[in-house]
Amino acid sequence: MMDHAITFALACFALALLLNLWRLARGPLVADRILALDTMTINAIALIVLAGIRWDSALYFEAALMFAMVGFVSTVALCRFLLRGDVIE
Amino acid sequence: MNVAAEILISLLLVAGALFALVGSFGLVKLPDLMARLHAPTKATTLGVGGCLLGSMGYFLLTDGRASIHELGITLFLFLTAPITANMIAKAWLHQQVNPDLPPTGTAAGWATFGPTGRPAGEEPRTPPSPGL
């Protein structure tokens, strides 16, 4: 049963990533694209965690944590670039 | 493995995945950025939270050790999601809203805009076109 649940969750997150990709390609404003990228990062973290459950390895959590940190910093940097025209003033 | 625990973990995973899917669907479906901001920042955080809780339960059951990594990731995501949402909303305000605001009456100006109510050194912009 757990295998089916993990497969279902993987399919849902993959579909969510595709929807985000559509918004990233389409999104009329730059802020829309930043939001789509941020959501993609969060969905990718969930995919990494699910891969860790499926292959029964605890090594994936470090990857997920790194992904979370890099995603947050990149989102804030992009927003600051839009706001101030520069990342570090 | 305990059947009840397995059912609980499966439920957490499925609920988390559905939340994330609904959030991403809202990102595609909703009409403008302020509405779109609402869907993924809440639903996806819940979705990832469900997956991480399920993962924590799984490793607790199979290995018998409580892993703290998931709690770290959950805490980090829950702390950073409002910050990113705020930054994106500010970027949108800065680009789209006509900053023709009244003076605040204090030394501090409006958030993201200069003390005069508009970005420093810029003329007031035209209101956003309805197509955006």
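B:Ser55 is buried, with a relative accessible area of 0%, and its place is in helix α2 of chain B. This is a predicted model, so read everything here as computed from that model. Leaving aside residues up to four places away in sequence, B:Ser55 touches A:Val49, A:Ile53, A:Phe61 and B:Glu70. That contact list takes in residues of chain A as well as chain B, which leads straight to how the two chains meet.

**Around B:Ser55**

- B:Ser55 and B:Ser67 sit twelve residues apart along the chain, and their C-alpha atoms are separated by 9.3 Å.
- From chain A, the residues that B:Ser55 touches are A:Val49, A:Ile53 and A:Phe61; from its own chain there is B:Glu70.

**Where chain A meets chain B**

- On the contact count, 47 residues of chain A are in contact with 50 residues of chain B.
- Putting the two chains together buries about 4300 Å², and carbon and sulfur atoms give 81% of that area.
- How many salt bridges are there between chain B and chain A? The count is one, and one is also the total over all chains.

**The salt bridge**

- The partners are A:Asp32 and B:Arg36, whose side chains meet at 2.3 Å, N to O.
- Why does this pair join two chains? B:Arg36 lies in helix α2 (residues 33-62) of chain B, while A:Asp32 lies in helix α2 of chain A, so the bridge runs from one chain to the other.
- Are the two partners buried or exposed? B:Arg36 is buried, with a relative accessible area of 5%, and A:Asp32 counts as buried too, at 1% relative accessibility.

**The cavity**

- There is one cavity of 30 Å³ or more, and about 90 Å³ of space lies in the largest cavity.
- Chain A lines the largest cavity with A:Asp38, A:Thr41, A:Ile42, A:Ile45, A:Ala68, A:Gly71 and A:Phe72.
- Chain B brings B:Phe76, B:Leu77, B:Thr80, B:Ala81 and B:Thr84 to that lining.
- Which elements each supply at least two residues of the lining? They are α2 and α3 of chain A, together with α3 (69-96) of chain B.
- The largest share, five residues, comes from α3(B).
- By residue type, the lining divides into seven nonpolar, four polar and one charged.
- The charged one is A:Asp38, because Asp counts as charged and the rest of the lining falls into the other two classes.

**Chain A on its own**

- Chain A has three helices and zero strands, so labelled from the N terminus its elements run α-α-α.
- Of its 89 residues, 48% count as buried.
- Take the contacts in chain A between residues at least 6 apart in sequence: 45% of these join residues at least 24 apart.

**A backbone oddity at A:Asp56**

- A:Asp56 has a positive phi of about 55°, although A:Asp56 is not a glycine.
- Where does A:Asp56 lie? It is in the loop between α2 (30-54) and α3 (60-84) of chain A.
- A:Asp56 counts as partly exposed, at 41% relative accessibility; that value falls between the 20% cut-off for buried and the 50% cut-off for exposed.

Terms used:
Residues are numbered from 1 along each chain as its sequence is written. Chains are lettered from A and ligands numbered from 1 in the order in which they are written. This is a predicted model: local features need pLDDT of at least 70, side-chain atom pairs count only at pLDDT 80 or more; totals for chains, interfaces and linings use all residues. Side-chain values use heavy atoms; hydrogens and water are left out. Helices (H or I, at least four residues) and strands (E, at least two) are DSSP runs, numbered from the N terminus. Buried means under 20% relative accessible area, exposed over 50%, partly exposed in between (1.4 Å probe, protein chains only). On a 1 Å grid over the protein atoms alone, a cavity is a set of points where a 1.4 Å probe fits but cannot get out, and a pocket is an open set with protein on both sides within 12 Å along at least five of seven lines; lining residues have an atom within 4 Å of a point. Grid points are joined across faces, edges and corners, and a volume is the space filled by probe spheres set on the points. Contact means heavy atoms within 4.5 Å. Buried area is the accessible area (1.4 Å probe) that two parts lose on being put together, summed over both. A salt bridge is a side-chain nitrogen of Lys or Arg within 4 Å of a carboxyl oxygen of Asp or Glu.
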